[in-house]
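User: Please take a close look at one strand of this protein and describe its surroundings. I am a first-year student, so plain wording would help.

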Amino acid sequence: STPKPSSAASDVYKRQGSRLMNMTGIMADVQEQPQAATEAQETAPNTMPGSGNTTTVSTVTDVSAIVEKAMPSIVAITDTMTIQQRDFFGRTQAYQTQSSGSGIIVGKNDTELLIATNNHVVAGSTDLTVTFSDNKDVSAAIKGTDSATDLAIIAVKLSDIPSDTMSKIQIATMGDSDNAKVGQQVIAIGNALGYGQSVTVGYVSALDRQITDENGIVHTYIQTDAAINPGNSGGALVNDEGHLIGINSVIESYSGSSSGVGFAIPVNYAINIANQIIDGETPVHPYLGVSLVSVNAYNARTNELAVDSGAYVAEVTADGPAAQAGIQKGDIVTAVDGEGIASADGLIIALREHEVGDEVTLTVVRGKDETEVKVTLGSDEALQAEQEDTSDGPGAGTGMSREEFFRYLEEYMGGALR
């Protein structure tokens with residue numbers, strides 16, 4: 001038998017291409033930054049009696065300097081939208097409502113200040129207002145969106161921003177989400193519950209966490225226990241240097257408010273999508289054309305695989321980039337450009353570091369032999385169109401099918417169930 005393909009690792013979900021762009025070219029008027037953090041050193045005795053050794057634990061107890069550094073790049077967003085619904089007699093009624101979110105200043109051009117946020121924050125809005133860190137309100141407009149990654153760019157005219165406000169705001173300093181570690185301290189900043197900017201502190205709870213949206217697209221997130229509430233969407237997740245490592249996006253909660261499980265889009269591939277939108281392009285994402293399942297020690301032993309980690313190719317899309325390069329069903333991808341990958345998620349994330357048209361070298365185990373295969377990454381543009389055509393069709397939004405449920409269990413248990 002062979003490992004079953006995971007719908008969560010299908011190429012259907014490879015909707016995010018990525019590169020970390022140094023945006024210093026458009027980061028004018030950035031203020032001098034204060035020292036990042038104050039650390040407290042706690043000395044605890046070693047548990048070995050008589051050893052004479054001590055263990056030093058370093059914790060950040062005062063994050064005010066980090067917040068002071070990051071806050072001027074965060075904005076509150078208020079949008080007005082028109083909602084239509086039918087009354088008891090079937091008549092359509094329209095009314096306006098307001099909602100709140102957050103945004104991050106990521107750059108500017110000759111005429112506009114550019115702000116990144118979530119697509120779901122601004123979708124359907126008819127009027128947008130941005131509130132800067134000095135509480136000045138200014139009108140904004142949507143510059144572009146990408147529903148596949150839940151990202152959007154809104155723009156504020158520089159001519160509308162008072163000089164005093166302009167002197168107080170700054171462009172966010174980009175961090176490197178690839179360097180994020182589980183247990184690392186992080187800070188979430190945003191317009192929680194619409195009350196204005198607020199700060200919560202927590203830790204990176206997990207990396208590469210996958211969440212399926214209502215259209216069946218799986219997004220890969222940084223998970224944090226820093227409290228993220230409604231209104232925080234589009235806000236910043238920063239590290240202990242005040243550098244942006246994620247864009248807060250999703251919460252898992254029965255109550256609708258924070259329950260210690262929040263998710264942020266890693267900045268390394270969010271910035272690539274933002275760059276495309278800023279450049280006036282329709283965002284596209286690297287596409288390999290395979291369905292994958294993670295290899296682990298259990299399913300490697302069960303299926304007599306040559307390696308116990310990597311991404312097992314369960315299906316190859318006909319005429320896709322992988323098929324054209326010679327990738328075959330049953331291959332196990334263990335590295336991308338010489339960098340080892342341990343799972344299907346690892347391969348997806350590694351490919352998101354690239355752009356459409358990039359050539360990558362995949363290290364592939366086929367049977368007992370190892371080979372290298374060069375693949376030119378394609379575009380998921382046609383796949384996006386296909387999903388849009390089917391997202392409103394029969395079965396849309398009904399959750400997992402029976403087959404998908406079994407596939408999920410198979411991956412969760414680490415091997416074939418049938």
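**Strand β18 and its partners**

Analyst: In this predicted model, V336 has E339 of β19 as its bridge partner. V336 belongs to strand β18, which covers residues 332-336. Strand β19 is made of residues 339-340, and its pairing with β18 is antiparallel, with 2 bridges. The two strands form a hairpin, with 2 residues between them. In that turn, D337 has a positive phi of about 55 degrees.

β18 also pairs with strand β20, residues 359-366. This pairing is antiparallel as well and has 4 bridges. Within it, A335 stands opposite T363 of β20.

Another partner of β18 is strand β17, residues 310-316. Here 2 bridges join the strands, and they run antiparallel. V333 in β18 is the bridge partner of A311.

How much of β18 is buried? The strand is mostly covered, and 5 of its 5 residues count as buried. Buried here means under 20% relative accessible area.

To place the strand in a wider setting, consider the empty space inside the model. There are 3 cavities of 30 Å³ or more, and the largest holds about 60 Å³ of space. Its lining includes K69, A70, A236 and V238. Helix α1 (64-70) and strand β12 (236-238) each supply at least two residues of that lining. By class, the lining of the largest cavity has 7 nonpolar, 4 polar and 1 charged residues.

Terms used
Residues numbered from 1 in each chain as written. Predicted model: local features only at pLDDT ≥ 70, side-chain atom pairs only at ≥ 80, totals over all residues. Heavy atoms only, no water. 1 Å grid on protein atoms, 1.4 Å probe; cavity = no way out; pocket = protein on both sides within 12 Å on 5 of 7 lines; lining within 4 Å. Points joined across faces, edges and corners; volume = space filled by probe spheres on them. Nonpolar A, V, L, I, M, F, W, Y, C, P; charged D, E, K, R; others polar. Buried < 20%, exposed > 50% of the residue type's maximum accessible area, 1.4 Å probe, protein only. Pairing = 2+ DSSP bridges.
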